[in-house]
Amino acid sequence: MIGTAAADGIPLPGIRVWLGRLLADLNSGRSCLWLLPRKMLDDTDNQVDRLLDDVLHELADFVLLPSDETPGSASVRSTVSGRPRAARQWSGLAPVPDFDDGLPDLLTARIPVPTEPGPPVPPTPAEALAGLLERLAKELNFTGDRDAASPDPTDDVLARLTGGGTGTVETRPVVVRAWREPVPSAATHLLRRLVATTKEAGLPPDRRPRALVMASTETLPTGLPDQLAREDIAVHWWWGATGRLDTATVVALARPLLASTMERRHLHEAVTQATITEVCGPYLDIAGALASCWHDGRPETLMSALHEVLAYLPGPAAIPSQRVEGTRHPGRRPDEKLLVAWNAGTIDSWDGRLRHRPGRDLTHEQAVSARVWLAQNHVLLPLLDDARDQFTGTVRLRARVPLARLAQDYGPRREPGTPAEPAGSAVDMMELGAMWSAHCDGAIRLTPAERRRLRTIRDARNRLAHRAPLDSPRLHFLIEELCY
C-alpha cells in the first residue's frame with residue numbers, strides 16, 4: 001500500500017498522493033529522478049527503504065540496482081583494485097658488509113618491497129557508468145550475447161534496452177539507489193543516456209525503457225536537476241510531501257486514549273492535538289514524541305515538553321542564514337539557498353509555508369506562542385462563532401428596548417445610503433462586544449450565569465482576534481462555557 005512509511009505502517013494521505021504522482025510519471029513511460037534530503041538517506045530508521053518498498057509494491061515488475069543480493073559497488077571495486085600501482089623497490093645494489101669475507105661483490109636481483117595498500121582510487125565517471133551498466137546487463141541477462149561489433153559496451157547495453165538486435169524492448173523500470181553507488185552521479189548519467197537512446201529509437205510511451213533514480217543533491221553536480229527537467233525527465237523533490245492531515249494523524253495515534261466521555265475533556269484534547277500539529281509541522285518524529293510526553297496539554301508546560309523531546313531527538317544544526325520562516329508559496333522544490341538546510345533535514349514545505357525544524361523555536365519562544373494561537377484559532381473560532389449565534393436568542397429574550405432601537409444602537413454599522421436591515425436580522429448580526437455594551441448600558445438584562453458566559457466568550461474572542469493565545473485559566477473557563 002502506498003504511503004505506509006511515515007507512521008509505523010499507517011498510510012498517510014499526503015505521502016500517498018506524492019508517491020502516486022511519481023508512479024503516474026513512471027507508468028506513463030517517463031524516467032524519473034527522485035531527490036531526497038541527505039539526512040533521510042543517512043538515517044538508520046530505514047524510512048527511505050520503506051518508501052521505496054511502497055513504490056516497488058505498485059510496480060508489476062522492476063530491476064533494482066544495487067541488487068539486494070550483491071553489493072552495488074562490487075564491479076567498481078574490482079575495476080579499481082585491478083589498476084596497476086607504483087611500488088617502492090630496492091636499488092638493486094648489493095649490501096656493503098662491514099668486513100671482508102673474501103667473496104666477490106655480487107649483484108642482487110631487484111626485489112619489491114611489500115607495501116601497505118593505499119586508499120582506493122575513485123573510478124572515473126566513465127568507469128562508474130560502465131560498472132553500473134555491467135551490473136544492469138547481468139540483471140537482464142544481456143552479457144552472454146553482446147553485440148561483438150559494438151565498440152562501446154555502454155552503447156550496446158542501452159541499445160539492447162530499446163530492442164536493438166533482438167527487437168524486444170525492456171519495459172521494466174530500472175530503479176537505481178544512487179546513494180548506494182560508489183559514484184552516485186553515474187546513475188544520473190545512465191538516466192540521461194537512456195532517455196536520449198529512447199528518443200532516438202522513436203518508441204511510444206507504453207514501450208519505452210525507463211529508469212527511476214533515487215539520489216541526494218549533495219552528490220550531484222550543481223544545476224543538474226534543472227538540466228534533467230529540460231530533457232523531459234520528471235524530477236520529483238521530496239518537498240512538502242506531508243501536510244496538516246498527515247501530522248494530525250500521527251499525533252492522534254500517539255495520544256493516550258481518553259478515559260472520560262465528557263465533552264469538555266474532548267474539546268481540551270482537540271486543542272492539545274491541534275497545538276502539537278501546528279508546533280511540529282512536517283516533522284512527524286517530533287510530533288509523535290511530543291504527543292506522547294505532553295500529558296497535561298497546558299500552554300505553560302509546552303516549552304518544557306518540547307525541550308525534553310528535542311533533547312531525546314537531537315536534530316542537525318544547519319539552518320538558512322536568513323529568516324524565511326512562514327514564507328508563503330514555497331514552490332514545488334527547495335530554493336537554491338535552502339538546499340543545505342533541506343539536505344540536513346531542518347527545513348521543509350508544510351501546509352503552503354516554509355517550516356524550520358522545531359529546534360529553532362527553542363530560541364524563538366514567540367514563534368511557539370504564535371503557533372499555539374494558530375492552533376487555538378483553528379479549533380475554537382468556529383465554536384465561538386456558534387456561541388455568538390446562539391446568544392442572539394438570549395439577547396432577543398432579555399431586551400429591555402424595542403428590537404429596532406437595539407438594532408440601530410448596537411447592530412452592525414451600515415454604509416451611508418444603504419437600505420436598513422430588518423430589526424431582527426440586525427440583532428442576529430450583533431457582535432459579542434456589542435452585546436456586552438448593550439448589557440452594560442442596560443439595553444438588555446442578563447442573569448449572572450448569562451453575564452459570565454457572555455464575558456468569557458467575548459474576552460476569548462477579543463484575545464484571539466489580537467493574535468494572543470489563551471493561557472490555561474482562560475482556556476479552562478472558555479471550554480466550561482462552550483460545553484455548558
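**Cavity, pocket, cores and backbone details**

Helix H10 gives the most to the lining of the largest cavity, with three residues. The model described here is predicted. The structure holds one cavity of 30 Å³ or more, and the volume of the largest cavity is about 40 Å³. Its lining is made up of Val271, Thr272, Thr275, Trp294, Gly297, Pro299, Leu302, Val372, Gln376 and Leu475. Helix H10 spans residues 263-280, and together with helix H14 (365-398) it belongs to the elements that each supply at least two residues of this lining. By class, six of the lining residues are nonpolar and four are polar, with no charged residues.

The second largest pocket is an open space, with a volume of about 530 Å³. It is lined by 25 residues, of which Trp18, Arg21, Trp237, Trp239 and Arg332 are the closest to its centre. Helix H1 (13-27), helix H8 (224-230), strand E5 (234-237) and strand E6 are the elements that give two or more residues to the lining. Among these contributors, H1 gives the most, with five residues. Ten residues of this pocket lining are nonpolar, eight are polar and seven are charged.

The nonpolar interior comes next. The largest nonpolar core has 37 residues, and Leu33, Leu136, Val176 and Val213 are those with the most contacts inside it. Valine 176 can be followed outward from there: leaving aside residues up to four places away in sequence, it touches Leu65, Leu132, Glu181, Ala187, Leu190, Leu212, Val213 and Met214. A second core, separate from this one, has 36 residues, including Ala407, Ala426, Val427 and Leu478.

Two of the residues that valine 176 touches, Ala187 and Leu190, lead to helix H7, where both are among the buried residues. Helix H7 covers residues 185-201, 17 residues in number. From its first C-alpha to its last it reaches 25 Å, close to the 24 Å expected at 1.5 Å a residue. Besides Ala187 and Leu190, the buried residues of H7 are Ser185, Ala186, Thr188, Leu191, Leu194, Val195, Thr197 and Thr198. Just after the helix, glycine 202 takes a positive phi of about 65 degrees.

Leu65, another residue that valine 176 touches, leads to a different backbone feature. A cis peptide bond joins leucine 65 and proline 66, with omega at about -15 degrees. Proline 66 is found in the loop between strand E2 (63-65) and helix H4 (74-81).

Positive phi angles also occur at residues that are not glycines. Asparagine 141 has a positive phi of about 60 degrees, and its place is the loop between helix H5 (125-139) and helix H6 (153-161). Is asparagine 141 buried or exposed? Its relative accessibility is 62%, so asparagine 141 counts as exposed. Aspartate 351 has a positive phi of about 55 degrees and is likewise not a glycine. The loop that holds aspartate 351 runs between strand E6 (347-350) and strand E7 (353-356). Strand E6 is also one of the elements that give two or more residues to the lining of the second largest pocket. Aspartate 351 counts as partly exposed because its relative accessibility is 43%.

How values were computed
Residues numbered from 1 in each chain as written. Predicted model: local features only at pLDDT ≥ 70, side-chain atom pairs only at ≥ 80, totals over all residues. Heavy atoms only, no water. Helix = DSSP H or I, 4+ residues; strand = E, 2+ residues; numbered from the N terminus. Expected span 1.5 Å × (residues − 1). Buried < 20%, exposed > 50% of the residue type's maximum accessible area, 1.4 Å probe, protein only. 1 Å grid on protein atoms, 1.4 Å probe; cavity = no way out; pocket = protein on both sides within 12 Å on 5 of 7 lines; lining within 4 Å. Points joined across faces, edges and corners; volume = space filled by probe spheres on them. Nonpolar A, V, L, I, M, F, W, Y, C, P; charged D, E, K, R; others polar. Core = buried A, V, L, I, M, F, W, Y, C linked by side-chain atoms within 4.5 Å. Contact = heavy atoms within 4.5 Å.
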